[in-house]
Amino acid sequence: MIEFFLNGEHQTLANADPNLSILEWLRTKMRLTGTKEGCASGDCGACTVSIGSPDQTRPERLRYDSINSCIGLVGSLHGCHLVTVDALKQEPVHPVQKAMIDCHGAQCGFCTPGIIMSLFTLHTARHSDALLAQQPVPDHQLLEALAGNLCRCTGYRPIIAAGRKACVETWSPAADQPQPLSGPDWLQAPDMIAALTRMATQRSGLEEVATHRRYDTPLTVAELRSLRADHPNARLIAGGTDLALEITQQLKDLEHLIAVDQVAELKTTEIRSDALYLGAGVTYRQMQALLPQYWPHFAGMLERLGSLQIRNKGTLGGNIGNASPIGDMPPALIALGAELELDSTEGVRRLPLESFFLDYKKTDIKPGEFIRGVTIPLPHANDQLLLYKISKRLDDDISTLLGAFWLRFDDADRTTLSDCRIAFGGMAAIPRRAQATEKALIGQSWDAHSIAAAVAALASDFQPMSDVRGSADYRNTVAGNLLTRALLETTRSHTDPALPLTVNDYA
Amino acid sequence: MRKLPSHSAQTPTSARGVAGKSAHHDSAWKHVSGQARYIDDIPEAADLLHAAVGQSSEAYARILSMDLSAVREYPGVVAVVTVDDVPGHTDIGPVFPGDPVLAGDIVEYIGQPLFAVAATSMRAARQAARLAKVEYEKLEPVLTTEAALAKQFFVRPSHSQLRGDPDRALANAPHRLQADMHVGGQEHFYLEGQACLVEPTEDAGVFVHTSSQHPSEVQKLVAEVLDLPIHEIQVEVRRMGGGFGGKETQAAPLACISALLVRTTGRPVKFRMARADDMIQTGKRHDFYNTYDIGFDDNGLLQGADIMVAGRCGFSPDLSDAIVDRAMFHADNAYYLDQARVTGHRCKTHTVSNTAFRGFGGPQGMMIIERAMDDIARHIGADPLDVRKRNLYRPGRDQTHYGQTVEQHVLAELIDSLETSSDYRERRTAITAFNRRSPVIKKGIALTPVKFGISFTAQHLNQAGALVHVYTDGSIHLNHGGTEMGQGLYIKVAQVVAAAFQVDLERVKVSATRTDKVPNTSPTAASSGSDLNGMAALDACETIKQRLVDFAVQTYKVEPGDVTFSNNQVHVGTQAFGWAEFVQQAYMARVSLSSTGFYATPIIYYDREAGQGHPFLYYANGAACSEVVVDTLSGEYRVVRTDILHDVGQSLNPEIDIGQIEGGFIQGMGWLTTEELVFSDEGQLLTTGPATYKIPAVSDAPLDFRVALLPHSPNREATVFRSKAVGEPPLMLGISVWSALRDAVASMADYRFSPPLDTPATPERVLGAVTATRRFAGLNDTASGAAPCKSA
Ligand SMILES: Cc1cc2nc3c(=O)[nH]c(=O)nc-3n(C[C@@H](O)[C@@H](O)[C@H](O)COP(=O)(O)OP(=O)(O)OC[C@H]3O[C@@H](n4cnc5c(N)ncnc54)[C@H](O)[C@@H]3O)c2cc1C
Ligand code: FES
Ligand code: FES
């Protein structure tokens with residue numbers, strides 16, 4: 001059985017198909033049709049809902065995050081408060097709704113419920129902090145909140161205007177007769193929080209009686225280990241942002257899912273001697289708060305990875321586990337020399353991340369194993385990590401290629417490169433290092449001459465494919481150009497902000 | 001047309017929300033609270049079935065056999081039908097035959113529907129539809145425009161428009177350039193996919209709820225497929241979650257297939273396409289292959305042009321004849337071509353049949369002449385804006401290559417005004433200076449105009465009907481043939497009605513478009529929605545008003561001129577009555593308070609044989625100035641600022657018009673930049689979802705986006721309250737972004753080279769332009785060798 005709240009009301013579910021998405025459940029079983037389907041692949045945001053869960057940093061409070069309900073499975077709702085647009089029908093209207101009307105932010109209206117929920121979630125987050133509530137929302141944060149919501153009609157300008165306007169306005173409850181969903185208090189109802197806190201300690205699951213399809217939710221690594229050992233054919237699911245596409249796009253009916261997202265140990269982030277340890281269940285959203293502290297380039301890269309909805313759900317383990325050649329974290333982590341930790345009833349196994357990927361979507365994972373985490377050596381004084389993601393569209397687009405350059409210089413002047421690891425995504429069937437290129441650079445002076453040699457060497461490292469995201473030629477040319485960009489970025493006496501090197505600098 | 005409307009909707013003491021004022025979309029609250037119902041939100045009957053179709057996996061083949069047993073046996077499946085089960089017509093081509101409702105012996109594109117399934121859930125229907133075993137005999141497909149051109153393989157005959165003697169003009173011109181370009185297609189990506197819900201009626205007919213821009217055509221085609229008189233079919237469209245032309249003809253097949261399944265099962269059937277199926281099975285904007293041969297003088301003034309536009313129509317004619325016509329009509333955009341020939345081809349390929357998309361071929365035609373303007377400028381070393389301005393239509397140089405004279409010259413002033421308000425010249429100077437210093441990032445700027453002809457080029461479509469009822473409490477019910485897809489048509493026409501009676505907008509209620517209220521309607525397309533339906537509604541109002549005036553004259557013994565309507569009142573001589581009170585009096589006196597209205601656009605005609613005529617009632621105009629930054633190492637780019645000045649005549653609703661302009665611009669920009677349709681060598685569409693097909697997202701919108709309406713510009717033609725159509729024209733403002741990208745890249749060769757840049761100008765194509773420019777400038781392929789820059 002799973003337990004959760006929907007728009008303030010307690011819900012339980014036991015006999016249900018684990019392949020059922022939250023969106024389908026809302027629309028077909030609950031007949032709550034406010035939430036729309038535009039793609040069922042996580043790309044358009046029409047299905048955006050807000051998920052409340054116990055806030056790790058503030059006890060007795062829920063934090064709310066936007067997700068795509070089309071690729072969230074019902075099983076993942078256990079212990080959550082699911083808020084949909086259907087809750088927002090009371091007078092006085094939510095500031096976000098009022099601003100969207102005032103600014104003419106809806107034309108055909110089909111994207112609108114999703115936009116409302118993205119802005120509602122942003123508004124809720126800002127108003128959970130008395131200080132932020134009064135300040136204008138930074139454009140950057142507003143655009144981030146909206147980047148996963150496509151609108152084909154408006155051109156976005158009025159939606160941005162509505163977001164700005166709404167964020168500084170308070171949502172007040174109805175003055176005269178109190179209504180259950182009016183004003184923000186119900187989002188933090190104490191008995192609901194108490195119930196959700198209780199649920200977090202209870203193991204949940206689904207089983208569809210007619211088909212025996214199952215969804216298991218272990219709470220500890222020990223439980224996960226034994227489930228994994230007993231059901232080697234079951235599929236692991238973390239955020240589901242990748243796996244759910246098999247269900248919604250390929251129409252597969254998966255027989256048995258084991259969720260790893262409730263396993264607390266997999267969410268660890270800590271410094272272990274001179275390395276950073278990240279559990280497999282850490283989400284992109286959490287990594288965004290952490291990784292740029294050590295390697296600033298992660299900020300720009302993670303911002304372009306998926307959308308906020310995806311980053312709220314998608315995990316490090318899922319990004320490694322799906323072994324996509326265009327996953328964005330693996331090349332970065334390979335360049336950093338990260339070590340992968342696998343776990344099973346047989347014990348823990350560690351190996352360099354780069355040797356985990358064997359061939360297209362094939363990894364070295366053994367039956368019964370799961371990814372437990374990665375260990376990343378912390379930077380030294382003269383180390384630098386450069387991450388360059390290239391995609392057709394700047395927001396929410398899978399990389400055509402991604403170049404990750406870990407550079408270790410002799411000294412602060414960066415005249416000579418004493419060591420480097422260069423890895424690319426999108427250049428081969430797996431994320432992989434450019435060994436010939438590295439060889440051409442290590443021990444050489446860091447200048448245009450060496451870069452030219454490295455660009456030449458690159459040709460022997462990769463024979464990329466042509467596909468919908470770009471031709472082999474384009475990938476080869478840009479991979480070489482990114483070396484040039486790396487040189488320019490690290491050596492310019494000209495860190496002249498007036499002469500930027502990428503279009504991201506204009507965001 | 002019986003009466004000319006008054007020139008202005010506004011009277012000194014005006015009622016609230018009448019035409020000319022901003023009013024919110026009539027569904028605004030329902031939109032933001034998730035209560036606006038789209039097809040898939042209509043409450044479902046317990047016995048509802050869901051439809052899906054089996055798709056061809058071959059581009060061109062003969063079907064040898066089709067084994068559907070596994071489909072029939074799949075749990076949940078209730079019925080499976082093929083073309084043999086169709087009682088009536090099997091061809092549902094909208095204008096010309098060529099579109100089988102379900103495939104017969106031959107398939108002509110990958111994804112073509114072969115059979116249809118009805119099952120108890122959408123998932124079961126889709127899963128079952130994949131289980132057919134089909135044997136094909138492969139035939140040799142034609143997949144590209146060039147291949148079709150080489151084989152003269154067309155869906156409709158080619159034709160030309162000719163003015164003067166272009167061959168001689170070209171031969172004698174001081175300068176002559178020739179070039180070709182590919183202009184990409186575009187997926188509509190309406191956020192609401194195609195959908196319909198069809199219910200059986202007690203008379204063996206059907207009631208169709210559909211997301212369609214053309215309910216009357218859906219009605220007719222369903223009737224033909226079921227072999228019933230049209231009156232047995234009713235079609236209702238409350239709203240669409242976006243249309244953009246993609247639901248003009250493309251919604252009908254779903255309704256026809258569903259109706260067939262309703263006929264077979266006796267149960268209601270819903271057919272909602274999953275996104276991938278929608279992208280595979282429904283038509284898109286035509287991609288074009290265009291060429292020009294132009295001659296001009298030392299100042300860049302055109303003396304002659306020979307232009308060819310060739311659209312990839314896909315396997316059937318659909319609307320392609322008119323779409324390529326419109327590309328031909330717009331191959332001049334805003335410029336006087338002088339001696340000119342424009343030839344249009346309608347290429348047949350074994351791909352999905354391309355269809356209407358905002359602009360209807362016009363944008364694709366314009367691209368070739370806009371490319372020419374840039375090319376001329378680089379050739380003579382002038383600023384592209386000066387070349388554009390020099391070539392604008394103006395008195396004396398005002399006849400198009402199809403014989404229509406441009407009468408209202410709005411653009412020269414409009415461009416001057418935008419040039420000033422956008423600081424074009426100052427920014428041009430700053431950009432040139434920046435580019436000289438910046439090694440990797442290059443900036444570009446361009447100001448491009450749009451002149452777009454308004455009217456359906458098929459004359460008979462330029463008609464509309466409306467139905468207005470005034471109830472005894474003074475509330476008004478309005479219905480017309482136009483459909484609401486987000487463009488705000490319902491509210492605009494309601495504002496027209498409110499203005500006609502001079503009552504508050506709240507008194508007017510618009511109801512869903514229905515074929516049994518207003519019959520034989522035209523599609524809501526060609527930007528004509530408010531022009532046509534606004535006039536028809538006004539006509540109905542005028543009829544009712546006339547009856548009210550007659551009643552007042554009789555009852556109160558006044559002259560007709562003594563009866564006026566203003567601010568929710570009817571003034572009769574010296575007396576004033578509240579609107580509701582007066583309506584009540586008229587009712588008691590047995591005055592009819594209901595009327596139909598009708599409108600047919602005057603003047604227009606086109607002789608296709610001669611390629612000459614007056615196909616447009618008027619032109620809509622606008623211009624945009626966009627600035628971009630380009631990364632010359634990756635080809636990635638961003639739009640940093642766009643200024644738009646657009647002419648909507650006397651706006652019916654300024655906020656809604658601005659929304660159309662902004663949205664149109666972004667959609668046009670997307671078409672020319674990141675939206676790339678990729679097909680495999682076998683003709684299979686590979687970009688079948690938003691994961692690979694990238695429409696603009698929020699931060700693709702210009703960081704600085706300034707849109708204004710051209711003030712004091714009433715339409716010279718007697719359109720509804722002197723407004724101008726606004727649906728399509730702004731899309732082409734997006735061309736400014738493409739031209740700015742070329743400008744940025746051209747800076748690398750000191751603006752002496754006009755880099756070819758086919759569209760969509762993805763980062764990959766932009767990088768290709770960078771490489772070509774470097775090659776021209778004799779630079780090596782690294783950034784360190786930045787362009788040697790002299791002043792342009
Ligand atoms: C709209 C959209 C945009 C996206 N954009 C990007 C992008 O820009 N860059 C990018 O890299 N990716 C992108 N993705 C892919 C995104 O799904 C992954 O990056 C994400 O990290 C997957 O994590 P998850 O937790 O959701 O994985 P899931 O979907 O839960 O799982 C993915 C796979 O990993 C396996 N798995 C999960 N956890 C473990 C574990 N602990 N041990 C072993 N195996 C495990 C699962 O069995 C499954 O096979 C995008 C996806 C979507 C839908
Ligand atoms: S429906 Fe498009 S993201 Fe969920
Ligand atoms: S309003 Fe139509 S998609 Fe946004």
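Two residues are taken to be in contact if their C-beta atoms, placed from the backbone, lie within 7 Å. The structure described here is a predicted model.

## Helix H1 of chain A

The buried residues of H1(A) pack against two strands of chain A, strand E3 (48-54) and strand E5 (81-83). Helix H1 spans residues 22-29 of chain A and is mostly covered, with six of its eight residues buried. The buried residues are Ile22(A), Leu23(A), Glu24(A), Trp25(A), Leu26(A) and Arg27(A). Just after H1(A), Arg31(A) adopts a positive phi of about 55°.

## An antiparallel sheet in chain A

Strands of a sheet pair through backbone hydrogen bonds, in either a parallel or an antiparallel arrangement. In chain A, five strands form an open sheet in the order E10-E11-E16-E12-E13, and the pairing is antiparallel. The edges are occupied by strand E10 (269-272) and strand E13 (347-352) of chain A; each has a single partner strand, so one side of each is left without a neighbour in the sheet. From one strand to the next, the twist averages 25°.

Helix H8 (residues 221-230) of chain A packs on this sheet, where it touches strand E12 (339-344) and strand E16 (370-377) of chain A. The direction of H8(A) makes about 70° with that of E12(A). At the edge formed by E10(A), the pairing with strand E11 (residues 275-279) of chain A is antiparallel and runs over four bridges. Within this pairing, Arg272(A) has Ala275(A), in E11(A), as its bridge partner.

## Surroundings of ligand 1

The shell around ligand 1 contains 30 residues, of which Gly42(A), Ala238(A), Gly239(A), Gly318(A) and Gly321(A) come nearest. The elements that give two or more residues to this shell are strand E8 (235-237), helix H12 (308-313), helix H13 (316-321) and E16 of chain A. H13(A) gives the most, with four residues.

By class, the shell around ligand 1 has eleven nonpolar, 13 polar and six charged residues. At least three residues are drawn from each of domain 1 (2-87 + 185-259) and domain 3 (268-506) of chain A.

## Contact between chains A and B

In the interface between the chains, 75 residues of chain B are in contact with 67 residues of chain A. On the side of chain B that touches chain A, the elements giving two or more residues are helix H1 (28-32), helix H3 (122-129), helix H8 (275-281), strand E27 (618-631), strand E28 (637-647), helix H17 (654-672) and helix H19 (763-777) of chain B. The largest share of that side, eight residues, belongs to H17(B). The residues on the side of chain B that touches chain A comprise 35 nonpolar, 25 polar and 15 charged.

## Domains of chain B

Chain B is divided into domain 1 (28-36 + 463-600), domain 2 (39-140 + 188-281) and domain 3 (288-456 + 609-777). The centres of domain 1 and domain 2 of chain B, taken over C-alpha atoms, are separated by 37 Å. The contact between these two domains takes 15 residues from domain 1 of chain B and 17 residues from domain 2 of chain B. On the side of domain 1 of chain B that touches domain 2 of chain B, five residues are nonpolar, seven polar and three charged.

## Backbone features in loops

Most residues other than glycine have a negative phi, and most peptide bonds are trans. The peptide bond from Glu91(A) to Pro92(A) is cis, with omega near -5°. Pro92(A) lies in the loop between E5 and helix H2 (95-102) of chain A. In chain B, the peptide bond from Thr759(B) to Pro760(B) is cis, with omega near 0°. Pro760(B) lies in the loop between helix H18 (735-746) and H19 of chain B.

The loop between H18 and H19 of chain B also contains Asp750(B). Asp750(B) is not a glycine, yet has a positive phi of about 55°. Asp750(B) counts as partly exposed because it has 19 C-beta neighbours inside 10 Å, where a buried residue would need 20 or more. Asn520(B), found in the loop between strand E20 (513-514) and helix H15 (529-556) of chain B, has a positive phi near 55°. Asn520(B) has 13 C-beta neighbours inside 10 Å and therefore counts as partly exposed, since a residue is exposed at 12 or fewer.

Terms used
Residues are numbered from 1 along each chain as its sequence is written. Chains are lettered from A and ligands numbered from 1 in the order in which they are written. This is a predicted model: local features need pLDDT of at least 70, side-chain atom pairs count only at pLDDT 80 or more; totals for chains, interfaces and linings use all residues. Ala, Val, Leu, Ile, Met, Phe, Trp, Tyr, Cys and Pro count as nonpolar, Asp, Glu, Lys and Arg as charged, and the others, Gly among them, as polar. Two strands pair if DSSP finds at least two bridges between them. Axes are lines fitted to C-alpha atoms, for helices over the stretch in contact, and angles run from 0 to 180 degrees between N-to-C directions. A residue is near a molecule or strand if its C-beta atom, placed from the backbone, lies within 6 Å of it. Domain bounds come from an automatic or database domain assignment.
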